[in-house]
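Work through the exercises below with the model open. Each task is followed by a stepwise solution.

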Number of protein chains: 4
Amino acid sequence: MTKKCALLIIDMMNDFQFPKGEQLARYADETVPSISQLKNHFHEREWPVIYINDHYQLWKADIALILEHVTNDISDPIIQKIKPDDKDYFLIKPKHSGFYGTALNTLLHELDVKSVAITGVAGNICVFFTANDAYMREFEVYVPKDAIASEEKKYNEYALEMMERVLNADVRPVSELIQLLS
Amino acid sequence: MTKKCALLIIDMMNDFQFPKGEQLARYADETVPSISQLKNHFHEREWPVIYINDHYQLWKADIALILEHVTNDISDPIIQKIKPDDKDYFLIKPKHSGFYGTALNTLLHELDVKSVAITGVAGNICVFFTANDAYMREFEVYVPKDAIASEEKKYNEYALEMMERVLNADVRPVSELIQLLS
Amino acid sequence: MTKKCALLIIDMMNDFQFPKGEQLARYADETVPSISQLKNHFHEREWPVIYINDHYQLWKADIALILEHVTNDISDPIIQKIKPDDKDYFLIKPKHSGFYGTALNTLLHELDVKSVAITGVAGNICVFFTANDAYMREFEVYVPKDAIASEEKKYNEYALEMMERVLNADVRPVSELIQLLS
Amino acid sequence: MTKKCALLIIDMMNDFQFPKGEQLARYADETVPSISQLKNHFHEREWPVIYINDHYQLWKADIALILEHVTNDISDPIIQKIKPDDKDYFLIKPKHSGFYGTALNTLLHELDVKSVAITGVAGNICVFFTANDAYMREFEVYVPKDAIASEEKKYNEYALEMMERVLNADVRPVSELIQLLS
């Protein structure tokens, strides 16, 4: 049984300029094939793809400025592979959760989706808190385990376990999720 | 006694493509000198100027795209006179109120302002509901009467009366507000 | 065509201890027959009836304490006629809008209603701002004109006009609304 | 240096009727001496104590009804030791976070506190998500490690580690927190 879903890509347009940022970039880069595969699948089905991204204190709804700001040697390979297409949505968020201080809930309502697939970084922070806010707002939550990354592998594992247990999230990997949604 | 205030400019980057849109554009244009004067004053004091604008169903934090979308024969004279400067903040909102589905509250907190001067259109809709949301969040509210416009003069009058009575808004005109804030 | 609706009764458990409070109480009392008729209709259909009420700075989810606090010579006749039944929901709100700082949105979602009939006081303040918040959250809004009251008749008229025009509210009186919903 | 803080007591008025509920009750009971000590300290300083509690699907701001509903053989010893006093605030919440669908943020603003001490259950769910929402709203967060409990010790440990790292929470135990605040 298929029903329309929205793909959320969190904080992948990232400058990785923070402690352990390089390590997170490495793990994030490993998720790019999975996220890309899922994104292509959503594009084929004409399902929505929504980037929700930190605004880097620019406080400006200006995608060009943000992309310019985050591009550097570490981030560029990731940005090139997974940056937003023209048809994708792009929202900025001021804090951890993709729902806090953003139009995400309204957009999801307007798109008439009841489930979200959450991907990106950091798995145990922004992904986790976005997943909880999605759960509190009654969305069905998928968090494909090969499409999120955290600074430390053990934090990623723990976050997945908590999302599965506490938020009823389905964490099967992207290849299986695509089958489920088909 | 002066304290830092934030200037909100609501929905002035507007295509005016709706019933009575041309009439609203005419009234909006009359407010431009007052809003500009206030904006200059805020710039001089290095106080924040925040545009909060409809996103025209683009759902994209992309100021260039939005400005392109709204520009037409009716709107262009207004846009040219009052468009955002590089140093101004620019947020998009999905609904009437500037606080709903936006980072405005977080931004105001970070800027450490306790009062807002609300200007723009429409006075009896987006300005009004933004003023109420500001009031509910404990901000002191100024709505200079010569800096807001509604489709009908009588609606503007009524909105001002209600904001003054119900939200304790100070509605003195821009010239007097500048004196008060100095 | 009928679909489940929720009846909101706003601030009718009221002490009316404020300027023009007695005048508002008189007008509020005039709405009681209409609200009661609508409430009975909702009870018969087993549709939800939700009181949303100021908490009078008690900050306590304690209906008994609130009813005790608001009861006085002016309010008692109204309270006796229209107080919550055991099966009715009862939420407290800290500010004007019934959605701000309350579980109303979550409750409406759980009840699976897409439309709300808003009644009570004051028509141009708490009813009005609740109606806007319902509209921003995509609910269909009914505000039966004989079931709301404001301090001044002209404010009530204006609020009805604005809700009809700006929020697409249906303001037909209770008797006609019952027919529409049947 | 001392500054006014609010004590949050989360979901301690609990029926523990869920898988591993008895185990959580046992761990929760172990936190009661610490929470009580902290509560007494707050009472002495006339600082606010705020209970935020699940409403058990009653959707009713009725503390008496909620206490009646949750009382059973397992919960009664805890409830007797730590139930709200008349002067304490009592809010109900519909979901995990104490900020979601509640007046908590408004109450904290009105009380003029900038920091919160979060206690109660479950440490890795409602306490954790409340802590994150407090952090996103710019509160300073204390989560005394001996005043929260989770179903599993390891979940409690992980939640404390995450709150310390990600939310900058201060997790020192109650005895040390009292010294810090004095």
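A salt bridge here is a side-chain nitrogen of Lys or Arg within 4 Å of a carboxyl oxygen of Asp or Glu. Keep in mind that this is a predicted model.

**Exercise 1. Charge pairing**

Task: Determine how many salt bridges the rule finds across the interface of chain D and chain C.

Solution:
- Step 1. Apply the 4 Å cut-off to Lys or Arg nitrogens and Asp or Glu carboxyl oxygens.
- Step 2. Read the result for chain D and chain C: the rule finds 0 salt bridges.
- Step 3. Turn to polar contacts. Between chain D and chain C, 16 residue pairs are in polar contact, with both residues at pLDDT 80 or more.

**Exercise 2. Make-up of the chain D side**

Task: Find which elements of chain D give two or more residues to the side that touches chain C, and sort that side by class.

Solution:
- Step 1. List the elements: β3 (89–93) and α4 (104–111) of chain D.
- Step 2. Rank them. β3(D) gives the most, with 4 residues.
- Step 3. Sort by class. The side of chain D that touches chain C holds 12 nonpolar, 4 polar and 7 charged residues.

**Exercise 3. Extent of the contact**

Task: State how many residues each chain brings to the contact of chain D and chain C, and what area is buried.

Solution:
- Step 1. Count residues: 23 come from chain D and 24 from chain C.
- Step 2. Take the area. Chain D and chain C bury about 1900 Å² between them, and 59% of it is on carbon and sulfur atoms.
- Step 3. Locate the main contributors. W59(D), K60(D) and A61(D) supply 36% of the area that chain D buries against chain C, more than any other three residues.

**Exercise 4. Symmetry**

Task: Work out what operation superposes chain D on chain C.

Solution:
- Step 1. Read the operation: a rotation of 180° with 0.0 Å of shift along its axis, at RMSD 0.0 Å.
- Step 2. Interpret it. The two copies are thus related as by a two-fold rotation axis.
- Step 3. Compare the surfaces. Of the interface residues of chain D, 100% are also interface residues in chain C, so the copies meet through the same surface.

**Exercise 5. Backbone outliers to inspect**

Task: Locate the cis peptide bond that involves A122(D), and give the phi of E138(A).

Solution:
- Step 1. In chain D, the bond from V121(D) to A122(D) is cis, with omega near -20°.
- Step 2. Place A122(D): the loop between β4 (115–121) and α5 (126–136) of chain D.
- Step 3. Check chain A. A cis peptide bond joins V121(A) and A122(A), with omega about -20°.
- Step 4. Move to E138(A). Its phi is near 75°, a positive value in a residue other than glycine. E138(A) sits in the loop between α5 and β5 (140–142) of chain A.

Methods: Residues numbered from 1 in each chain as written. Chains lettered and ligands numbered in written order. Predicted model: local features only at pLDDT ≥ 70, side-chain atom pairs only at ≥ 80, totals over all residues. Heavy atoms only, no water. Contact = heavy atoms within 4.5 Å. Buried area = accessible area lost by both parts, 1.4 Å probe. Polar contact = N/O pair within 3.5 Å; in protein donor to acceptor, adjacent residues only side chain to side chain. Nonpolar A, V, L, I, M, F, W, Y, C, P; charged D, E, K, R; others polar. Least-squares fit on C-alpha atoms with pLDDT ≥ 70 in both.
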